[in-house]
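Could you walk me through this model, starting with how its helices pack and then moving on to a few individual residues? I would like an explanation that I can follow with the structure open beside me.

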Amino acid sequence: MWDRLLVDCRVATMEAAPDNPLGIIEDGAIAIQDGRIVRAGRRTELAGNRAREVVPLGGAWVTPGLIDCHTHLIFGGNRADEHAMRRAGATYAEIAEAGGGIVSTVKRTREASEGELLATAAMRLDALMKGGVTTVEIKSGYGLDVDSELRLMRCAKALAASEAVRVVPTLLALHALPADWKERRIGYVSMMSDQLIPAAAEAGLAEAVDAFCEGIAFTAEEVERLFKAADAAGLRVKLHAEQLSNQAGAALAAKYKALSADHLEHLDEAGARAMAAAGTVAVLLPGAFYALQESRKPPVQMLRDHGVAMAVATDCNPGTSPLLSPTLAMNMACTLFGLTPEEALTGMTVNAARALALEGEVGTIAPGKAADLCVWRLESLAELGYWIGLPGPERRIYAGDDA
């Protein structure tokens with residue numbers, strides 16, 4: 001006997017077929033046992049089976065739970081003042097050079113207690129969950145020293161233990177160079193590579209290592225030093241690449257079989273080809289594009305032409321993407337970047353799972369996968385990328401239970 005049987009629903013399994021790219025099942029049913037999907041098919045195919053609870057959904061749509069595969073969720077304070085500076089015409093680089101940007105959040109983060117960090121992060125996480133997120137990646141990056149970065153990773157682990165959501169912790173080991181290390185860049189990169197990465201790996205606090213490859217951050221050579229340390233520690237890599245300029249970061253990420261390269265506004269053909277060959281996912285972050293009032297968009301058609309999988313994420317962070325709505329991220333991906341509604345939904349399910357190395361666990365509705373689902377009261381799935389301010393799913397199901 002199954003634990004639950006969801007019936008009278010339209011199911012977007014996201015198991016693509018040539019004539020059915022979203023794997024839609026009309027008049028569908030989903031059987032759940034021990035937190036996992038047992039079967040998904042037409043209701044008539046599952047008739048005659050018994051379940052402890054039968055849940056009629058009145059014709060609603062069911063999708064996989066949404067996956068936010070790029071966030072910086074744990075930090076102290078906020079940077080609303082920088083929002084005002086940008087409105088007055090200051091650029092990202094100018095704000096950083098004036099002592100704002102990432103470094104200002106680092107100060108507030110270091111000053112906050114662990115309890116304060118957890119409380120504010122939980123509020124942001126709750127907003128994402130209400131929007132339909134069942135899996136979220138959480139990066140560190142606002143500590144900028146070994147002890148502070150490890151503290152942020154412990155906070156991410158604590159959130160995973162206390163909330164009904166799957167948390168994927170990523171060690172953002174090279175995010176910004178602290179002011180007191182300006183004349184010792186090599187030493188800082190060595191510290192984060194030789195001390196931070198092994199410590200995080202030994203404690204089981206990280207599943208991947210990330211860096212910011214940019215003119216105002218770290219060079220490709222410095223990032224490669226970090227990637228070699230991650231590889232030695234058995235951790236996968238990903239990269240903030242080609243956001244403000246082309247540093248050949250995407251090609252470097254592909255060289256190390258990175259899970260993803262993220263942002264990509266300045267991606268070139270060579271980088272796209274390298275990503276395609278390596279299976280590296282392109283994570284598009286329209287919230288940052290919007291907040292920074294950028295004019296150069298990621299080359300979406302180039303990514304399509306080369307067959308690079310595209311994910312979509314909120315990039316929730318205090319400075320450049322204070323975005324707490326996954327469906328608004330989908331809307332922005334469609335409106336600002338030209339994705340189709342189908343590509344946007346795929347970007348927050350199937351491809352987002354790939355960007356986190358979780359494609360065997362989540363991202364589609366298929367037997368054996370986690371029963372992480374969203375129930376939407378919509379006429380069409382296209383509405384997920386259409387409404388501005390959609391309140392979220394009617395039901396959010398995590399590990400088989402309403403959450």
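What follows goes through helix packing, then some buried residues, the cysteines and two backbone angles.

Please keep in mind that this is a predicted model.

Let us begin with the helices. Two packed helices are described by the angle between their axes and the distance between the axes. Take helix α5, which covers residues 114-130, and helix α6, which covers residues 146-162: their axes come within 10 Å and cross at roughly 50°. That angle makes α5 oblique to α6, because it falls outside the ranges for roughly parallel, roughly antiparallel and roughly perpendicular. The crossing of these two helices, α5 and α6, is right-handed. If you display the side chains here, you will find E114, L117, L118, A121, A122 and L125 of α5 in contact with R151, L152, C155, A158 and L159 of α6.

Helix α6 also meets helix α7. The axes of α6 and α7 come within 10 Å, with a crossing angle of roughly 35°. Here, too, the handedness can be stated: α6 passes α7 in a right-handed crossing. On the α6 side the contact involves V146, E149 and L150, and on the α7 side M191, M192, Q195, L196, A199 and A200.

From α7 we can step on to α8. Helix α7 (residues 185-202) packs against helix α8 (residues 220-232) at an angle of about 15°, and their axes are 9 Å apart. Angles under 35 degrees count as roughly parallel, so α7 is roughly parallel to α8. The α7 and α8 crossing is right-handed. Residues R185, V189, S190, M192, S193, D194 and I197 of α7 make this contact with E222, R225, L226, A229 and A230 of α8. You may recognise M192 from the previous paragraph: M192 meets α6 and also takes part in the contact with α8.

Now let us look at some single residues, beginning with T63. This threonine is found in strand β4, residues 51-64. Is T63 buried or exposed? T63 counts as buried because its relative accessibility is 0%, and the cut-off for buried is under 20%. The side chain of T63 makes a polar contact with the side chain of W376, at 2.9 Å. Leaving aside residues up to four places away in sequence, T63 touches A12, L345, I365, D372, L373, C374, W376 and L381.

Another buried residue is N331, which has its place in helix α13, residues 326-337. Its relative accessibility is 7%, so N331 counts as buried. What lies 3.0 Å from a polar atom of the N331 side chain? The answer is the backbone oxygen of Y386. Beyond residues up to four places away in sequence, N331 touches G385, Y386, W387 and I388.

Next comes A352, found in helix α15. A352 is buried, because its relative accessible area is 0%. The C-alpha atoms of A352 and G363 are separated by 7.4 Å, and these two residues are eleven residues apart along the chain. Not counting residues up to four places away in sequence, A352 touches I67, C69, A311, T346 and G347.

One of those contacts, C69, leads us to the cysteines. A disulfide is a covalent bond between the sulfur atoms of two cysteines. How many disulfides does the model have? The count comes to zero, with the rule asking for a pair of cysteine sulfur atoms within 2.5 Å. C69 is in no disulfide, and its nearest cysteine sulfur, that of C316, is 13 Å away. C316 is likewise in no disulfide, its nearest cysteine sulfur being that of C69, 13 Å away. With 1% relative accessibility, C69 counts as buried, and C316, at 2%, counts as buried as well.

Finally, have a look at the backbone. Most residues other than glycine have a negative phi, and most peptide bonds are trans. K257 is not a glycine, yet its phi is positive, near 50°. You will find K257 in the loop between α9 (249-255) and β11 (260-263). K257 counts as partly exposed because its relative accessibility is 49%. A357 also has a positive phi, about 60°, although it is not a glycine. The place to look for A357 is the loop between α15 (350-355) and β14 (373-376). At 40% relative accessibility, A357 counts as partly exposed.

Definitions and conventions
Residues numbered from 1 in each chain as written. Predicted model: local features only at pLDDT ≥ 70, side-chain atom pairs only at ≥ 80, totals over all residues. Heavy atoms only, no water. Buried < 20%, exposed > 50% of the residue type's maximum accessible area, 1.4 Å probe, protein only. Helix = DSSP H or I, 4+ residues; strand = E, 2+ residues; numbered from the N terminus. Polar contact = N/O pair within 3.5 Å; in protein donor to acceptor, adjacent residues only side chain to side chain. Contact = heavy atoms within 4.5 Å. Axes fitted to C-alpha atoms, helices over the stretch in contact; angles between N-to-C directions. Parallel < 35°, antiparallel > 145°, perpendicular 65-115°, else oblique. Left-handed = near helix turned anticlockwise from the far one by under 90°.
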